Amino acid sequence: MKNALGRDVPGHPYLGLQPIERIEYKQIKSLKEDRKDKVHYDLESFIKTLPLEDKMTLSFHHHLRNGDFVMNQVMAEVAKSGVKNLTICASSIFPTHAPLVSLIEQKTITKIIASYISGPVADAISEGKLEDVCLLQTHGYRATSIMSDETSIDIAFIAAPACSPEGNITGSMGPSGCGVLGYAIADAWYAKRVVAVTDFLVDVLVPEIPACCVDDVVKVDRIGDPDGIVSGTTKITRDPVGLRIAKSTAELMKATGLLKNGFTFQTGAGGISLAVAKEIHALCLNENIKGKFASGGITSYLVKMLEDGVFEELYDVQCFELDAVESIKRNPNHHKMSAAKYADIHDPDNIVNQLDFVILGATEIDLDFNVNVTTGSDGRIMGGSGGHADTAYGAKFAIIVSKLVSSRISVVVDQVTTITTPGGTVDVLVTDRGIAIHPRHQALIDHLKATTNLPIVEIQTLYQRALALTGIPEKTQNLGRIVALSQYRDGTILDVIRQIDTAE
Amino acid sequence: MKIEKPAQAGTLESNDIYVQILPNPKEEIEIRLKSVVMLQFGKQIRQVAMQTLNEKGITSCILNLEDKGALDYTIKARIESAVERSLC
């Protein structure tokens with residue numbers, strides 16, 4: 001069935017932006033007592049005591065990012081039990097999770113639900129090794145689907161940087177401290193059984209996940225590698241082309257009139273996005289503008305902006321850098337938030353709905369402003385929405401920043417390979433060779449043309465400029481099996497991802 | 001004109017192409033291409049390479065190309081440099 005964006009999809013097709021029918025969540029499990037006998041000291045023997053069955057759903061969070069040891073350790077022991085056809089519901093999967101590939105091949109794991117997948121597991125899915133279809137959700141919808149019981153988690157394994165014997169968990173302490181545990185909160189409250197896996201048993205006075213959620217605490221040697229916990233991509237770009245894009249973006253933001261006292265802002269950790277933050281930082285200090293909050297994954301740059309008084313508060317769902325982990329311990333205006341508070345569509349006060357600006361990247365953006373951050377232009381899975389579609393929907397101005405052409409690939413294409421974020425929620429594309437604004441903002445286009453020197457053009461013009469540089473790319477039509485679905489924040493299906501040809 | 005002496009040009013940086021030109025005992029032009037945009041632009045890169053060799057009057061060589069997404073004018077310039085270096 002064709003959805004509102006013209007893509008043939010199975011299941012519930014995306015119908016365009018619809019009014020949200022709010023639902024109330026039920027608390028689906030009984031709360032646990034504060035017992036101290038929850039602690040186990042051997043993961044292998046503990047997992048043998050779990051009532052594992054075929055087709056169960058096991059969940060994991062990704063706050064330890066590419067330094068996570070827990071998913072590999074747990075799944076190696078689970079596989080020994082001989083269970084098959086498990087679903088892994090992980091908030092993200094990174095290159096370090098390569099050992100899952102052999103579990104996919106031997107059918108221990110046959111379904112994966114995640115918000116972002118990169119590395120060998122992504123390749124295995126693209127190559128058709130996963131028996132069932134992988135579901136790629138937004139960060140917000142992952143929480144929504146868990147809380148509404150659409151994703152029913154049998155056992156949640158929560159990597160716990162610090163945990164008390166009763167099961168009070170925080171991300172703010174311990175040798176693998178990662179700050180926030182925002183993506184694990186829904187799992188903790190709604191999974192049938194919750195297992196904290198920790199390398200730091202200690203009294204926890206202010207838990208993010210309270211003991212009443214936790215059934216078992218397992219002590220292991222190490223839950224992660226601190227070097228892999230911080231992201232490798234959080235440097236401000238030094239590329240003059242990227243810096244120029246950032247400058248135009250800041251100028252455009254100012255020209256919209258929304259950059260004033262009380263403004264709200266989110267930016268990703270990409271080099272150009274961070275350069276935009278730097279521009280906004282300088283602009284706010286110069287003109288004495290004070291923003292209300294910045295949100296999302298928090299980098300050291302945003303911490304600096306908070307400390308310089310550019311923002312009153314930070315809402316942090318995930319710390320990208322150790323500076324953020326430190327800041328959240330000492331600064332009362334640096335708040336932890338759950339994925340649901342961040343972006344659940346049924347929470348009317350969610351943070352994304354309060355955003356004025358979000359700065360996002362794109363692998364591809366098409367003439368209808370649909371964005372792909374899920375697959376490469378060859379159709380191979382290399383990411384996923386994360387909060388891309390959530391923030392683009394919520395923010396008054398969703399701004400995509402990108403070089404127009406990089407390594408002979410144009411960011412503007414006639415049709416994106418995979419729709420991650422619908423064009424109806426994207427407002428502006430800023431490139432080094434011109435700025436395109438979605439035609440539904442005609443008044444703004446006229447205003448900017450009259451009052452600024454910004455190079456405003458139609459997106460078709462950018463497309464033609466790119467083709468003049470690169471030549472016309474050859475198209476290959478992929479008719480392979482559907483290996484993954486791109487699911488929108490309301491649960492509908494935006495697009496399908498097909499098996500790639502690995503013959504060459 | 002035959003290539004008698006090996007030469008190289010370019011780098012493996014993004015948006016560039018590394019070119020190596022070598023004598024070919026079979027006395028013909030052989031182009032070996034690796035590219036990050038093989039699917040989209042493989043044919044076009046071979047075409048530009050062949051055209052550049054023709055313009056330089058080369059009739060025999062092995063041309064190794066390792067492309068990191070270079071645009072046509074970069075490909076042309078790098079191949080011309082390699083040829084000039086080989087001939088001097």
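**Notebook: a helix pair, a strand and a chain contact**

I looked first at helices H1(B) and H2(B) in this predicted model, and I noted them as oblique to each other, because angles under 35 degrees would count as roughly parallel and 65 to 115 as roughly perpendicular, while the angle I read for this pair is about 40°. H1(B) covers residues 38-55 and H2(B) covers residues 72-87, and I found their axes 9 Å apart. I then checked the handedness and recorded that H1(B) passes H2(B) in a right-handed crossing.

Next I listed the residues that meet in this packing: from H1(B) I wrote down B:Ile45, B:Val48, B:Ala49, B:Thr52 and B:Leu53, and opposite them, from H2(B), B:Asp72, B:Ile75, B:Lys76, B:Ile79 and B:Glu80. Sorted by class, this contact has six nonpolar, one polar and three charged residues.

I turned to chain A and to strand E3(A), residues 86-90, where I found five of the five residues buried, so the strand is largely enclosed by the rest of the structure. Following the side chains, I saw A:Leu86, A:Ile88 and A:Ala90 point one way and A:Thr87 and A:Cys89 the other way, with all of them buried. I also looked up the pairing of E3(A) with strand E2(A), residues 57-60, which is parallel and runs over four bridges; within it, A:Phe60 has A:Ala90 as its bridge partner.

Last, I examined where the chains touch, and noted that the contact takes eleven residues from chain A and 14 residues from chain B. On the chain A side I recorded three nonpolar, five polar and three charged residues.

Methods. Residues numbered from 1 in each chain as written. Chains lettered and ligands numbered in written order. Predicted model: local features only at pLDDT ≥ 70, side-chain atom pairs only at ≥ 80, totals over all residues. Contact = placed C-beta atoms within 7 Å. Nonpolar A, V, L, I, M, F, W, Y, C, P; charged D, E, K, R; others polar. Axes fitted to C-alpha atoms, helices over the stretch in contact; angles between N-to-C directions. Helix = DSSP H or I, 4+ residues; strand = E, 2+ residues; numbered from the N terminus. Parallel < 35°, antiparallel > 145°, perpendicular 65-115°, else oblique. Left-handed = near helix turned anticlockwise from the far one by under 90°. Buried ≥ 20, exposed ≤ 12 C-beta atoms within 10 Å, placed from the backbone. Pairing = 2+ DSSP bridges.
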